[in-house]
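This report introduces a protein model to a reader who has not seen it before. Please look over the sequence and the structure below before reading on.

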Amino acid sequence: MTLLALGGFMGIAMDVPVDPDRDQGQQWILEELSKPEYAAAKPTWWDQLSKAFWDWLNSLTVDDSFGIQAPLVAVLFIVVIGVIVAAFFIFGKPRINRRSALIGSLFGLDEERDAESLRRAASAAAAAKDWTLAIEELFRSLARSLAERVLVSTDPGTTAHGFAQRAGNVFPDYLQRLSASATVFDDVRYLGADGTEADYDTLTALERDLRTAKPSSAMPMPFASVP
C-alpha cells in the first residue's frame with residue numbers, strides 16, 4: 001500500500017462518526033468543562049448577586065395610573081438605602097431597647113433598681129452609719145438618675161470616672177465635684193477605704209443639686225457620651 005493510499009485511508013477513518021457510550025460521553029463532558037477557559041468564564045458570586053438584585057428591581061411593577069415607571073422605583077429604592085446608611089454613620093447604631101440604658105450592670109454590679117430605690121437604700125445605710133455602703137448606693141443612684149432623665153448613658157464597661165466625664169459634658173459646672181465623688185466611690189468600692197460621713201454629705205449635696213440642675217445649652221445631643 002502506497003503512502004498516499006495509506007494517508008487517504010486514515011483520513012477516511014478519522015471522519016467516521018464517534019458513537020461513545022453514556023459513561024464515556026459524561027467523562028468527555030467533564031474533561032471539557034474542567035479546562036481553564038471554562039473556569040475563567042464562570043460568573044463570580046458578585047456577578048450572581050448583582051444579577052439577582054437587578055432582576056428583582058426589574059420585576060417590580062407599578063400601576064400605570066400613578067404615572068410611575070419601574071426605573072423610578074429603583075432610583076427611589078437606592079435613595080432610601082442611601083439615607084439609611086447615612087443616618088447610621090451620622091447618628092450611630094440605633095438603640096434596640098432604650099430601657100437597656102436605664103437598668104442593668106452599673107459600675108460592676110448587676111443593678112435593676114431605679115434611682116429612687118437606690119437613694120432610699122443609701123439613706124438606710126447612712127442611718128445605720130454604714131458610710132461605705134451609703135456612698136456606693138448614692139453614687140449609683142446619681143448615675144441612674146441621669147440615665148432616667150435621658151442625659152447620660154451608662155453601659156457595663158462604664159467606670160465611675162468615665163461616668164463623671166460624661167456627666168461633666170452635660171453639666172460642665174459640676175465636673176470637678178463629679179470627678180471628686182468618682183474618686184471617693186472608687187476608693188471605698190475597690191481600694192478598701194472606709195467611707196466617712198463627710199464624704200457621704202458631700203455626695204448627698206451633689207446628688208441633690210444635680211437633681212434640679214439644667215443641662216448645658218452646648219450639650220450636642222441626648223445621652224452625652226465620650227469615646
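## Helix H9

In this predicted model, the buried residues of helix H9 are Leu178, Ser181, Ala182, Phe185, Asp186 and Val188. These buried residues pack against H7, H8 and H10. The helix itself covers residues 175–190. Its 16 residues should span 22 Å at 1.5 Å a residue, and the end C-alpha atoms are indeed 22 Å apart, so the expected and computed spans agree. After H9 comes glycine 192, which has a positive phi, near 75°.

Serine 181 lies in this helix. Its relative accessible area is 8%, and the cut-off for a buried residue is under 20%; serine 181 therefore counts as buried. Apart from neighbours within four places in sequence, serine 181 is in contact with Phe139, Leu203 and Leu206.

## The chain as a whole

The protein chain contains 10 helices and 2 strands. Read from the N terminus, the order of the elements is α-α-α-α-α-β-β-α-α-α-α-α.

Of the 227 residues in the chain, 27% are buried. The accessible surface of the chain is about 15,400 Å², and carbon and sulfur atoms account for 62% of that surface. Among contacts with a separation of 6 or more, 66% are between residues 24 or more positions apart.

## The largest nonpolar core

In soluble globular proteins, nonpolar side chains tend to be buried together. The largest nonpolar core of this model has 31 residues. Within this core, Phe139, Phe163, Phe171, Leu178, Tyr200 and Leu210 touch the most other members. Two or more residues come from each of helix H6 (115–127), helix H7 (131–148), helix H8 (160–170), helix H9 (175–190) and helix H10 (197–212). The greatest contribution is that of H7, which gives 8 residues.

The contacts of phenylalanine 163 illustrate the surroundings of one such core member. With neighbours within four places in sequence left aside, phenylalanine 163 is in contact with Phe107, Phe139, Leu142, Ala143, Leu146, Val152, Thr154, Thr158 and Leu178. One of these partners, Leu178, is also among the buried residues of H9.

## Helix H7

Helix H7 is mostly covered, with 16 of its 18 residues buried. At 1.5 Å a residue, those 18 residues should span 26 Å; the end C-alpha atoms are 25 Å apart, and the two values therefore agree. H7 is followed by valine 150, a residue with a positive phi, near 60°.

## Aromatic pairs

How many aromatic pairs does a search of the whole structure find? The search finds 8. One of them joins phenylalanine 107 and phenylalanine 185 in a tilted arrangement, with 5.4 Å from centre to centre and 55° between the planes. This pair links distant parts of the chain: phenylalanine 107 is in the loop between strand E1 (104–106) and strand E2 (109–111), while phenylalanine 185 is in helix H9, 78 residues away. Phenylalanine 107 is buried, with a relative accessible area of 3%, and phenylalanine 185 counts as buried at 1%.

A further tilted pair is formed by tryptophan 131 and tyrosine 200, with 5.7 Å between the centres and 40° between the planes. Here too the pair links distant parts of the chain, since tryptophan 131 belongs to helix H7 and tyrosine 200 to helix H10, 69 residues apart. Tryptophan 131 counts as buried at 16% relative accessibility, and tyrosine 200 counts as buried at 9%.

Ring pairs also link Phe107, Phe139, Phe163, Phe185 and Tyr190 into a cluster. Two members of this cluster, Phe139 and Phe163, are also among the residues that touch the most other members of the largest nonpolar core.

## A partly exposed residue in helix H8

Glutamine 165 is located in helix H8. Is this residue buried or partly exposed? Glutamine 165 is partly exposed, because its relative accessible area is 36%. Its C-alpha atom is separated by 9.4 Å from that of glutamine 176, which lies 11 residues apart from it along the chain.

Definitions and conventions
Residues numbered from 1 in each chain as written. Predicted model: local features only at pLDDT ≥ 70, side-chain atom pairs only at ≥ 80, totals over all residues. Heavy atoms only, no water. Core = buried A, V, L, I, M, F, W, Y, C linked by side-chain atoms within 4.5 Å. Buried < 20%, exposed > 50% of the residue type's maximum accessible area, 1.4 Å probe, protein only. Helix = DSSP H or I, 4+ residues; strand = E, 2+ residues; numbered from the N terminus. Contact = heavy atoms within 4.5 Å. Areas by Shrake-Rupley, 256 points an atom, 1.4 Å probe, with all protein chains shown as cover. Expected span 1.5 Å × (residues − 1). Phe/Tyr/Trp six-rings, centres within 6.5 Å; stacked < 30°, edge-to-face > 60°.
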